[in-house]
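This report walks through one protein model for a reader who has not met it before. It takes up the strands, then the core, the aromatic rings and the charged pairs.

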Amino acid sequence: MPKSTVDFTLTVTLKNNVPDFNYTQNGLPVTGSVVANESEIIRYLLVDQTGKELKFIGAAFDTPFDNVIDNVNVSENGLELQLLDLDKTPGKTGFRFILSSIGSNLLISSPDPQVVNRGQD
């Protein structure tokens, strides 16, 4: 069972019709990356300011089989994505959020946050 939860807000806007991704934590700008020192849930809350009704549909990982992240869950409404990190495997993985938008079959991918596990648990 995770010992803690780390919350981020991912706000997406449009600049010249190109999605712009900005991460905040407790109202302060951050990269969206995490260094885990214990098992935790890493939660991203989506704030869509594009008018395109963006929704999380998942996350794509650079190294999906390294066990740095143990599970991904997306809320029913697509506005919250949780990464389960049991912090049992030291290492790091980069990932991109995959989002859908209304009126298009094209998917959107985010810039690359990272999770780094210290392997303390």
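Strands, as the word is used here, are DSSP runs of E with at least two residues, numbered from the N terminus. With that in hand, a loop can be placed by the strands around it: Gly 103 is found in the loop between strand 9 and strand 10, the latter covering residues 108-109. The model is a predicted one, and every value below is computed from it.

**The loop glycine**

Is Gly 103 buried or exposed? Because the cut-off for an exposed residue is over 50% relative accessible area, Gly 103, with a value of 82%, counts as exposed. Although Gly 103 and Lys 52 are 51 residues apart in sequence, their C-alpha atoms are 7.9 Å apart in space.

**The open sheet**

Strands of a sheet pair through backbone hydrogen bonds, either parallel or antiparallel. In this model, six strands form an open sheet in the order 3-2-1-5-8-7, and the pairing within it is mixed. Strand 3 (28-30) and strand 7 (71-74) are the edge strands, each of which pairs on one side only. From one strand to the next, the twist averages 30 degrees.

Within this order, strand 5 and strand 8 run antiparallel and are joined by six bridges, and it is in strand 8 that Leu 81 stands opposite Tyr 44. Strand 8 also pairs with strand 7 in the antiparallel sense, over four bridges, with Asn 73 standing opposite Gln 82 of strand 8. Strand 7 and strand 8 form a hairpin with five residues between them, and in its turn Gly 78 has a positive phi of about 75 degrees.

**Pairing around strand 9**

Strand 9 has several antiparallel pairings, which the table sets out together with one facing pair of residues for each.

| Strands paired | Bridges | Facing residues |
|---|---|---|
| Strand 6 and strand 9 | six, antiparallel | Phe 56 and Leu 99 |
| Strand 9 and strand 11 (residues 114-117) | four, antiparallel | Lys 92 and Val 116 |
| Strand 9 and strand 10 | two, antiparallel | Ile 98 and Ser 109 |

**The nonpolar core**

The largest nonpolar core has 22 residues, and those with the most contacts inside it are Leu 10, Tyr 44, Phe 56, Leu 83, Phe 97 and Leu 99. The elements that give two or more residues to this core are strand 1 (4-15), strand 2 (18-25), strand 5 (40-48), strand 6 (55-61), strand 8 (80-85) and strand 9 (91-100). Of these, strand 1 gives the most, with four residues.

Which residues does Leu 99 touch, if those up to four places away in sequence are not counted? Its contacts are Phe 21, Leu 46, Leu 54, Lys 55, Phe 56, Ile 57, Leu 107 and Ile 108. One of these, Phe 56, is also the residue that stands opposite Leu 99 in the pairing with strand 9.

**Aromatic rings**

A pair of aromatic rings is described by the distance of the centres and the angle of the planes. A search of the whole structure finds eight such pairs. The rings of Phe 61 and Phe 95 have centres 5.5 Å apart and planes at 35 degrees, so this pair is tilted. Because Phe 61 lies in strand 6 and Phe 95 in strand 9, the pair ties together parts that are 34 residues apart in sequence.

Phe 95 also forms an aromatic pair with Phe 97, and this one is edge-to-face, with 5.3 Å from centre to centre and 80 degrees between the planes. Phe 95 counts as buried at 0% relative accessibility, and Phe 97 is likewise buried, with a relative accessible area of 0%. Ring pairs link Phe 8, Tyr 23, Tyr 44, Phe 56, Phe 61, Phe 95 and Phe 97 into a cluster.

**Charged pairs**

Side chains of opposite charge can pair when their charged atoms come close. The count of salt bridges in this model comes to two. In one of them, Arg 43 pairs with Asp 7, and the closest N and O atoms are 2.5 Å apart. This salt bridge links distant parts of the chain, since Arg 43 is in strand 5 and Asp 7 in strand 1, 36 residues apart. Arg 43 is partly exposed, with a relative accessible area of 24%, and Asp 7 also counts as partly exposed, at 33% relative accessibility.

A further salt bridge is formed by Lys 15 with Asp 20, where the closest N and O atoms are 3.5 Å apart. Lys 15 is exposed, with a relative accessible area of 53%.

Key. Residues numbered from 1 in each chain as written. Predicted model: local features only at pLDDT ≥ 70, side-chain atom pairs only at ≥ 80, totals over all residues. Heavy atoms only, no water. Core = buried A, V, L, I, M, F, W, Y, C linked by side-chain atoms within 4.5 Å. Buried < 20%, exposed > 50% of the residue type's maximum accessible area, 1.4 Å probe, protein only. Contact = heavy atoms within 4.5 Å. Pairing = 2+ DSSP bridges. Axes fitted to C-alpha atoms, helices over the stretch in contact; angles between N-to-C directions. Phe/Tyr/Trp six-rings, centres within 6.5 Å; stacked < 30°, edge-to-face > 60°. Salt bridge = Lys/Arg side-chain N within 4 Å of Asp/Glu carboxyl O.
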